[in-house]
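Please open the structure in your viewer and display the backbone as a cartoon. The tour below proceeds from the whole chain to individual elements, with a selection proposed at each stop.

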Amino acid sequence: MPPSPQKSGSGIHIGRVFGIPIYLHTSWFIIFALITLSLSQQFRSQHPQWTNAQHWWLGIITSLFFFGSVLFHELSHSVIAKHYHIPVKSITLFVFGGLAQISRDPDNAKQEINIAIAGPISSLFLAGCFWLIEQYAHGGEMVIAAAKWLALINLLLALFNLVPGFPLDGGRILRGIVWGITKNFARSTSIAARAGQVFAFFMIIFGAWQALTGRWIEGLWTAFIGWFLLSAAQESFMQVAFRDGLVGVKAVDIMSKDIPTVARDISIEEYFQEVLRTGRRCHIVTGAGTPVGLITLQSTRSIPREEWNSTSIQAAMMPVSRIHWASPEEPALGVLQRMQSEDVNQMPVISDGNIVGIIARDTILRVLQTRLQLHHLSGQ
Ligand SMILES: [Zn+2]
């Protein structure tokens, strides 16, 4: 599966490889159980002479090797990304395989292609290794059975990921190629995402056909993966539209110059009344005319309600030294990304030590929405 800049790591933390935290999503346990079950049945029908315990144990061990293979695939994307100094936040194993979360898009087409192609190459490499084990593990019947399946599944993993539609690795390679030729990142993403949507639709239709011709489980499964790919392709399409909508917009263009202030000697209760009266949820706290901190309605929640009367807002404010701030010339998209990663809704804009404006996260989204609508109206 593809490296993705979306979402943060979730699930159970199982360890670190090359400094990258590895997570198991809860959906992983379902697929692990299903694969183990189906492998045990397969081994039972192929080797009825083995004991029940042998079927089960080999099923479990082969499943673990399969997930090890998926992890190896994701790690290979991650290692190349890190080589280009693109940080990898986490790797999560979930129902459809793995997801390496790289923190940003690559800088150029060559990086994109190399990061993407590392995955299928690593799966092909594993397929070759397991094939060699199958060929040369004389006498080890159980080893041969497991290696045979692992060689096939890694080959399928490589081929499936090479389908040239976003968000699969092949879609990223396609994007890299189109990007290299056209020098247009947005256009290449849109082409790769369209190809991904076509492939996803094809999988959903094929799955429905399988289900209608009596192969219920395979059909549902195929359609389900198709549906997952479709939503992922649409999401990447949206992200680029989003990025495009904010091109050329700077912090100074979207900040509000009207900066509400409160004096630092008022109580939290008084501040709360001020918020109720004015509807403003974020204020600069001043002492002797200079800013000393930032207070928001949200930050008052750290103080119990019954202490609001007797507590100064200084106890709840964020002191100036810890405020995340933007400079007026900073690109709006970068500001939005920082607000998301630092989980703040307001960010003051500071120029030469003075607070010159304030940016709210919803303002950026409104600007974006308006620009996208205008873009749409002008028929571009
Ligand atoms: Zn991949």
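**The whole chain.** Of the 380 residues of the protein, 33% count as buried. The model is a predicted one. With everything selected, the C-alpha trace spans about 85 × 55 × 45 Å along its principal axes. The radius of gyration is 27 Å, whereas a compact globule of 380 residues would have a value near 21 Å. Colouring by secondary structure brings out 11 helices and 11 strands. Among contacts between residues at least 6 apart in sequence, 61% join residues at least 24 apart.

**The domains.** Next, colour residues 3-162 as domain 1, residues 183-245 as domain 2 and residues 251-376 as domain 3, following the domain assignment. The C-alpha centres of domain 1 and domain 2 are 22 Å apart.

**A helix pair.** Select residues 52-83, helix α2, together with residues 109-136, helix α3. Two packed helices are described by the angle between their axes and the distance between the axes. Here the angle is about 145° and the axes lie 8 Å apart. The crossing of α2 and α3 is right-handed. To see the contact, show the side chains of Ser69, Phe72, His73, Ser76, His77, Ile80 and Ala81 on α2. From α3, the contact is made by Asn114, Ile115, Ala118, Gly119, Ser122, Ser123 and Leu126.

**A four-stranded sheet.** Which strands form the open sheet, and in what order? Four strands take part, in the order β6-β7-β8-β9, with mixed pairing. Select residues 261-263 for β6 and residues 318-319 for β9: these are the edge strands, each of which pairs on one side only. Then move to β7 (residues 282-287) and β8 (residues 290-296), which run antiparallel and are joined by six bridges. One pair to label is Cys282 with its bridge partner in β8, Thr296.

**A hairpin.** Finally, select residues 346-351, strand β10, and residues 354-360, strand β11. These two strands also run antiparallel, with six bridges joining them. Label Gln346, which stands opposite Ala360 of β11. How many residues lie between β10 and β11 in the hairpin? There are two, and Asp352 in the turn has a positive phi of about 50°.

Terms used. Residues are numbered from 1 along each chain as its sequence is written. This is a predicted model: local features need pLDDT of at least 70, side-chain atom pairs count only at pLDDT 80 or more; totals for chains, interfaces and linings use all residues. Two strands pair if DSSP finds at least two bridges between them. The radius of gyration is taken over C-alpha atoms; the globule rule is 2.2 Å times the number of residues to the power 0.38. A residue is buried if 20 or more other C-beta atoms lie within 10 Å of its own, exposed if 12 or fewer, and partly exposed in between; C-beta atoms are placed from the backbone. Two residues are in contact if their C-beta atoms, placed from the backbone, lie within 7 Å. Domain bounds come from an automatic or database domain assignment. Axes are lines fitted to C-alpha atoms, for helices over the stretch in contact, and angles run from 0 to 180 degrees between N-to-C directions. A crossing is left-handed if the near helix is turned anticlockwise from the far one by less than a right angle, and right-handed if clockwise.
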